[in-house]
Amino acid sequence: MGQVDLRRSPGSRANIAGNGDPVAKSIQDQAIEHSVNRQVEMPSQSSYEVVTKVANAFKAKGGILLTDARVEELKKSPAGVLTSLVAEGKHQTTTVNFKSLVLAAGGWGAKDFKEHKTDIPYYVPMTSTGDYFGFAKGMNLVTRNLDWYKVYPHGLEVEPGIAKLTTYSTKEASDMGAIFVNRAGKRVVNESLSYTHFRDAIANEKDKICFVLMDQRIWDRYYELMLKYGFTAEEVQGFFANDGKKSPVLVKGDLATVAQKAGIDYGSLKETFDHYQEYAKAGRDLEFGRDAKFLHELEGDTYYVIEQKLRFCTTMGGYEATKDMQLLDNDFKPVANFYAAGELVGGANGKDSMPSMMNSWSYASGFVAGTAAADNANNYAVDVVTSASHAPAPKPEATSGASH
């Protein structure tokens, strides 16, 4: 996404969405917050595939993509109306004149990470730099909740401040019977609940770290999913070689050994382990009420402990916009010719979002913003006598992603 086949290429990818594996499909299509299937995974399991297909579709419709063109400035007419932008590249300066501009430049998580505005580990992409806060500064745009992030659990801090996700591995492990404990060796959450409960459990810990405890059977599946979602065999082996001495903590051994290596109170962990085994055998979790179908006894005498930290990438705040995705200035008046879509627009998902819904927001807001920008560019004229609307045929013009 069982036995681990170490002969596989560490970077190999499989078509999970259509391979007939019901477990893998349930991981991708279902989160506990979803009443219907809402998540769709590309065959390559990569967002690069989405971007490439959308770009190709855009070009097939006559769109022009400009590279080597970083926007540096927005320009206004003498009347103060937005009319053009200036983009700089290594080899050229590009000026684009437009009737409508849609700003869809992602979030600014990497910017806040680099400026140490949060201690939550950051995971991809380093392109979320919020450059528009600079080049759009003169537009006097109103913002909201710029310190709100979408925070997930299931993070491995692979280098200081940088995390990789283990969501697929950890969810599968939880379904198979793994337990979620803190450094004191106590269970801290009902492992059959949604991601937000795991997130809050980690956030409530003084050191902001919890651990997944699993047996060999669960680890085999966990490891297989790690290889499928962003890790290599060499990387994972390197983590184990650290022997728990630094993050990320991945340790293996009997219960006393993994507790000692991970810095977990063994006496308390042993008590937690014994109680859980009793709950699993009885099919009833007396402590947290975990769903019986996820209560499975841990087997054997070899166990694995994997660190779990918080991680963030998506920013939840941003610019204010109308229902037509037209940007607002600090007086909450629409800015002529200026629209926005996606992550940089604040408030659509509140302070949190369901899994996969930020993508949905990007698509929906992009459609609305594009439609409104096109209508604005067409400049529908109203016949005063008949009140009939008519639009002149659009003129073909080269753009750099700006709407016409």
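Mentor: Helices (H or I, at least four residues) and strands (E, at least two residues) are DSSP runs, numbered from the N terminus. This is a predicted model, in which local features need pLDDT of at least 70 and side-chain atom pairs count only at pLDDT 80 or more, while totals for chains, interfaces and linings use all residues. Residues are numbered from 1 along each chain as its sequence is written, and side-chain values use heavy atoms, with hydrogens and water left out.

Trainee: Which residue follows helix 8 with a positive phi?

Mentor: Most residues other than glycine have a negative phi. Helix 8 comprises residues 233–241. The residue that follows this helix has a positive phi, near 60 degrees, and is D243.

Trainee: Which residues of helix 8 are buried?

Mentor: Buried means under 20% relative accessible area, exposed means over 50%, and partly exposed lies in between (1.4 Å probe, protein chains only). E234 and A241, on the other side of helix 8, are exposed. The buried residues of this helix are A233, V236 and F239.

Trainee: Why do these buried residues lie on the same side of helix 8?

Mentor: The residues concerned are A233, V236 and F239. The arc is that of the directions from the helix axis to the C-beta atoms. They share one side of helix 8 because they cover an arc of only 120 degrees.

Trainee: How many of the ten residues of helix 5 are buried?

Mentor: Helix 5 spans residues 167–176. Its buried residues include T167, Y168, K171 and M176. The helix is largely enclosed by the rest of the structure, because the number of its ten residues that are buried is nine.

Trainee: How many residues does the largest nonpolar core have?

Mentor: A nonpolar core is a set of buried Ala, Val, Leu, Ile, Met, Phe, Trp, Tyr and Cys residues joined through side-chain atoms within 4.5 Å. L213, M214 and W219 have the most contacts inside the largest one. Its largest share, seven residues, comes from strand 11 (residues 303–315). The number of residues in this core is 59.

Trainee: In what order do the strands of the open sheet of three strands lie?

Mentor: Strands of a sheet pair through backbone hydrogen bonds, either parallel or antiparallel. Two strands pair if DSSP finds at least two bridges between them. In this sheet the pairing is antiparallel, and the order is 1-2-3.

Trainee: Which are the edge strands of that sheet?

Mentor: Five bridges join strand 2 (residues 82–88) to strand 3, and L85 has V96 in strand 3 as its bridge partner. An edge strand pairs on one side only. The edge strands here are strand 1 (70–76) and strand 3 (93–97).

Trainee: What is the relative accessible area of L74?

Mentor: L74 belongs to strand 1. Contact means heavy atoms within 4.5 Å; leaving aside neighbours within four places in sequence, L74 is in contact with residues including L82, L101, F135 and F338. L74 is buried, and its relative accessible area is 11%.

Trainee: Is H154 buried or exposed?

Mentor: H154 is in strand 6. Its phi is positive, about 65 degrees, although H154 is not a glycine. With a relative accessible area of 2%, H154 is buried.

Trainee: Which residues does a cis peptide bond with omega of about 5 degrees join?

Mentor: Most peptide bonds are trans. One partner here, P248, lies in the loop between helix 8 and strand 10. The two residues joined by the cis bond are S247 and P248.
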